[in-house]
Amino acid sequence: MDVRYPTLWVILLAASVSVAADKKPDGATKKWSVSVHETAFHGYGGVRAMDSLPDGADGYTESWSILTPNVGVGYALNERWSVDTNVQMGPRSSFAATAAGLEGYPRIEFKSSFLSVMAAREYKLPEGWSLAPKIGVAVSSRYYEEDKHDVRSTNWTSSLEPVASVELRKRITDSMSLSTDYTRYFTDDSEINGAFKVGLRFRF
């Protein structure tokens with residue numbers, strides 16, 4: 001299993017810059033926000049490996065990421081309501097048997113992405129905490145390819161479905177907050193319907 005953390009360095013760098021620059025907080029004028037999260041789909045376990053390797057294969061390679069990046073942009077309509085747009089990249093995975101050290105004999109690959117737009121209602125809580133339920137729509141794109149050496153099949157689907165989430169935030173500075181989120185996508189694939197996110201939100 002190939003485990004990568006594609007946005008952790010971005011989160012840490014952006015956090016250090018935000019803390020250093022946040023000398024004069026002015027939250028009333030900060031309408032825009034940018035969020036950077038790492039996402040884990042709790043039901044996803046990668047593509048289905050084959051029960052037995054074909055004749056001539058000497059092993060297999062498998063790749064899938066536990067964490068996948070999510071980037072969002074938000075705009076506050078007022079103190080309570082805002083609109084969020086998010087791009088979820090992944091999950092994705094692949095499986096390939098090998099013959100004489102070469103990949104692709106056979107091969108299975110899965111890729112997915114989500115583009116969502118949601119309305120959010122923020123509820124202020126004590127000690128700098130806040131809770132933001134969200135609801136909206138998401139465009140899901142899913143690509144599946146299976147190459148069995150002599151037969152190759154591909155399937156690409158794109159559909160519009162409802163999406164809902166709940167985000168819990170903890171204010172660190174007036175410009176930056178720690179964020180954790182659970183998102184529910186309503187696709188026909190149960191493995192990629194539920195996702196936990198952890199990251200940072202920046203206001204400017």
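Which residues does S158 touch, not counting residues up to four places away in sequence? In this predicted model, the answer is V139, S140 and S141. S158 itself lies in strand β9, and since the S158 and S141 C-alpha atoms are separated by 4.4 Å although the two residues are 17 residues apart along the chain, this small example shows how places along the sequence and places in space can be set side by side. The surface around S158 can be described as well: its relative accessibility is 39%, and because buried means under 20% and exposed means over 50%, S158 counts as partly exposed.

With that example in mind, we can turn to the whole chain. The protein has 204 residues, and buried residues make up 42% of them. Its secondary structure comes to one helix and eleven strands, and, read from the N terminus on, the helix stands at the start of the order and the strands follow. If we take the contacts between residues at least 6 apart in sequence, 65% of them join residues that are at least 24 apart.

The next stop is the interior. In soluble globular proteins, nonpolar side chains tend to be buried together. Here the largest nonpolar core has 13 residues, and the members that touch the most other members are F41, Y44, V47, Y185 and I192. Strand β6, which covers residues 102-121, gives the most to this core, with four residues. To see the surroundings of one core member, consider I192: leaving aside its neighbours within four places in sequence, I192 is in contact with F41, Y44, P91, F110, F114, R142, Y185 and T187.

One of the residues in that list, F114, deserves a closer look. F114 lies in strand β6, and because its relative accessibility is 2%, F114 counts as buried. When neighbours within four places in sequence are left aside, the contacts of F114 include F41, N86, V87, Q88 and G90, and V139, S140, Y185, T187 and I192 are also among them. The C-alpha atoms of F114 and S141 are 6.4 Å apart in space, while the two residues are 27 residues apart in sequence.

F114 also takes us to the aromatic rings, for the structure holds seven aromatic pairs. In one of them, the ring centres of F41 and F114 are 6.1 Å apart and the planes stand at 20 degrees, so this pair is stacked. The pair links distant parts of the chain, with F41 in strand β1 (residues 32-41) and F114 in strand β6, 73 residues apart. Both F41 and F114 are buried, and ring pairs link these two residues and Y185 into a cluster.

Another aromatic pair is formed by Y60 and F95, and this pair is tilted, with 5.3 Å from centre to centre and 35 degrees between the planes. Because Y60 lies in strand β2 (residues 59-64) and F95 in strand β5 (residues 93-99), the pair ties together parts that are 35 residues apart in sequence. F95 has a relative accessibility of 2% and therefore counts as buried.

From the rings we move to the pockets. The largest pocket has a volume of about 700 Å³. This pocket is lined by 34 residues, and E79, E122, K124, R169 and R203 lie nearest its centre. Sorted by class, the lining of the largest pocket has ten nonpolar, ten polar and 14 charged residues.

The second largest pocket holds about 230 Å³ of space. It is lined by 14 residues, of which Y44, F110, Y144, D189 and E191 are the closest to its centre. The elements that give two or more residues to this lining are β8 (129-147) and β9 (152-171), and the largest share, three residues, comes from β8. By class, the lining of the second largest pocket has six nonpolar, three polar and five charged residues.

A last stop is S177, whose place is in strand β10 (residues 176-185). Is S177 buried or exposed? Its relative accessibility is 11%, so S177 counts as buried. Not counting residues up to four places away in sequence, S177 touches R169, K170, R171, I172, G199, L200 and R201.

Note on methods
Residues are numbered from 1 along each chain as its sequence is written. This is a predicted model: local features need pLDDT of at least 70, side-chain atom pairs count only at pLDDT 80 or more; totals for chains, interfaces and linings use all residues. Side-chain values use heavy atoms; hydrogens and water are left out. A nonpolar core is a set of buried Ala, Val, Leu, Ile, Met, Phe, Trp, Tyr and Cys residues joined through side-chain atoms within 4.5 Å. Buried means under 20% relative accessible area, exposed over 50%, partly exposed in between (1.4 Å probe, protein chains only). Contact means heavy atoms within 4.5 Å. On a 1 Å grid over the protein atoms alone, a cavity is a set of points where a 1.4 Å probe fits but cannot get out, and a pocket is an open set with protein on both sides within 12 Å along at least five of seven lines; lining residues have an atom within 4 Å of a point. Grid points are joined across faces, edges and corners, and a volume is the space filled by probe spheres set on the points. Ala, Val, Leu, Ile, Met, Phe, Trp, Tyr, Cys and Pro count as nonpolar, Asp, Glu, Lys and Arg as charged, and the others, Gly among them, as polar. Rings of Phe, Tyr and Trp (its six-membered ring) pair if their centres lie within 6.5 Å; planes under 30 degrees apart count as stacked, over 60 as edge-to-face and the rest as tilted.
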